[in-house]
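Grab a coffee and work through these exercises with the model open beside you. Each one sets a task and then walks through a solution.

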Amino acid sequence: MATRPIARPDFGGSFPEHIAIIMDGNGRWAEQQGLRRVLGHREGINSVREITTECARMGVKSLTLYAFSVENWKRPRMEVRYLMRLLRQFLVGERGTLMDNGVRLRAIGRLDTLPELAMRELRATENMTAKNDGMLLRLALSYGSRAELADALRAAVRDVQAGRLDPDTIDDETLRRYLYDPRTPDPDLLIRTAGEKRISNFLLWQISYSEIYVADECWPQFRKAQLLAAIADYARRVRKYGGLVADVAPEPPRRRGMEA
Ligand code: IPE
Ligand code: IPE
Ligand code: MG
C-alpha cells in the first residue's frame, strides 16, 4: 500500500527539499562489531531503506545518496565485487519498497564503468519507477565531482567546436546544463555520517550553498532518529547566500538629515 507523503513534520523552521548524504563508516561499524568490513555494507542497506522511506513519507523531494565513488574502485577487488553484487541485490530487492513509496530512482556518475549486470538492473529499476510521482532517489555510482566537471567541460567544448555554444555566453547556468542531472535543484542539506569532516569529491559544484551536517554515527547506525536530528538542526540554520537576512541584520535606522 502506498505510504507516500502523508506528513510533513513541523520543525519550526524551513524544511530541506533536497537532502544529499555521504554514507560513510560501514567498514568501521563492522570492525566495531568484530565483523568483516563488507558486512557493514550489507547492514548499510537497512539504513538506505529506512532513510529513503522516511524521507519519502516526510515529503522530501530529492534524496541523493553517495553509494560508490570513482575513487572507491581503488579498494581491494573482493570489496568492490561485494559492493557491486550488493548494488544488484538492492536494485532487485527494493523495487517493491520504491514502488510502494512512489519513489523514482535515477543514477548519476560514470555509469558506463559499472558491471553490465548491475547496469541492467539499474536501467530496469529506473524504468519501472520512472512514472512514480513521489520522491526522486538519486544514487551516485562511480561518481566523482571532478570527473563530472571534466565530463561537462568535454561536452561543452564539443558543442563550441560544433558551433552550438558561443563561449562568450557561458555562465554558471550554462555549466549546470552539462552536469549529470541538471534538472534536480541543488541539495539544501548535506549530511555526512561517521564523523568525517570532508566532502570526498561529492557534488562540489552543487553544494556551494548547502548546509552541512556531520553525524557521529556510522551509516549502519544512521536511522530515523538521526535523520530527524539532522533536519531539526537544518531548520535552525539561517541561509544568507552572501546577502543579508532582515531579521539577522536589520536595516540600521535612518538618521535625521539622511532622508532624501
Ligand atoms: C562507506 O563506508 C561506503 C562506501 C564508501 C562504499 P566505508 O567503506 O568507507 O567505511 P569506512 O569509512 O571504511 O568505515
Ligand atoms: C566517500 O566515502 C564515498 C562514499 C560514501 C561512497 P569514502 O570512505 O570513500 O571517503 P574517504 O576515503 O574517507 O575520503
Ligand atoms: Mg569511508
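**Exercise 1. Find the volume of the second largest cavity and work out what lines it.**

Step 1. Start with the volume: in this predicted model, the second largest cavity comes to about 40 Å³.

Step 2. Now list the lining. Val 48, Arg 49, Thr 52, Phe 90, Glu 94, Thr 97 and Leu 98 do that job.

Step 3. Sort those residues by class, and you get three nonpolar, two polar and two charged.

Step 4. Map them onto secondary structure. Helices α2 (37-58) and α4 (95-100) each supply at least two residues of this lining. The largest share, three residues, comes from α2.

**Exercise 2. Say how many cavities of 30 Å³ or more the whole structure has, and describe the largest one.**

Step 1. Searching the whole structure turns up two cavities of 30 Å³ or more.

Step 2. The largest cavity holds about 80 Å³ of space.

Step 3. Its lining is made of 14 residues, with Arg 138, Asp 181, Pro 182, Thr 184 and Gln 206 lying nearest the centre.

Step 4. Broken down by class, the lining of the largest cavity has six nonpolar, three polar and five charged residues.

**Exercise 3. Move on to open space: characterise the largest pocket.**

Step 1. The volume of the largest pocket is about 700 Å³.

Step 2. Count the lining: there are 31 residues, and Met 23, Tyr 66, Ala 67, Phe 68 and Asn 72 lie nearest the centre of the pocket.

Step 3. Which elements give two or more residues to that lining? They are α1 (26-32), α2, β2 (62-69), α3 (77-93) and β4 (136-143).

Step 4. The class count for the pocket lining is 15 nonpolar, eight polar and eight charged.

**Exercise 4. Work out the strand order of the sheet and what packs across it.**

Step 1. Read off the order: six strands make an open sheet, β3-β4-β2-β1-β5-β6, with parallel pairing.

Step 2. Look at the ends. β3 (104-108) and β6 (211-214) are the edge strands, each with a single partner, so one side of each has no neighbour in the sheet.

Step 3. Check the twist: ignoring direction, neighbouring strands of this sheet are turned by 20 degrees against each other on average.

Step 4. Zoom in on one pair. β5 (residues 189-192) pairs with β6 in the parallel sense over four bridges, and Leu 190 has Ile 212 in β6 as its bridge partner.

Step 5. Add the helices. α2 lies across β1 (18-22), β2 and β4, at about 160 degrees to β2. α3 lies across β2, β3 and β4, and runs at about 160 degrees to β4.

**Exercise 5. Decide whether Thr 174 is buried or exposed, and place it in the fold.**

Step 1. Locate Thr 174: it sits in helix α7 (residues 172-177).

Step 2. Apply the cut-off. The relative accessibility of Thr 174 is 5%, and buried means under 20%, so Thr 174 counts as buried.

Step 3. Leave out residues up to four places away in sequence, and Thr 174 still touches Leu 165 and Thr 169.

Step 4. Zoom out. The chain has eight helices and six strands, and of its 260 residues 46% count as buried.

Step 5. Finish with the contacts: among those between residues at least 6 apart in sequence, 78% join residues at least 24 apart.

How values were computed. Residues numbered from 1 in each chain as written. Chains lettered and ligands numbered in written order. Predicted model: local features only at pLDDT ≥ 70, side-chain atom pairs only at ≥ 80, totals over all residues. Heavy atoms only, no water. 1 Å grid on protein atoms, 1.4 Å probe; cavity = no way out; pocket = protein on both sides within 12 Å on 5 of 7 lines; lining within 4 Å. Points joined across faces, edges and corners; volume = space filled by probe spheres on them. Nonpolar A, V, L, I, M, F, W, Y, C, P; charged D, E, K, R; others polar. Pairing = 2+ DSSP bridges. Axes fitted to C-alpha atoms, helices over the stretch in contact; angles between N-to-C directions. Contact = heavy atoms within 4.5 Å. Buried < 20%, exposed > 50% of the residue type's maximum accessible area, 1.4 Å probe, protein only.
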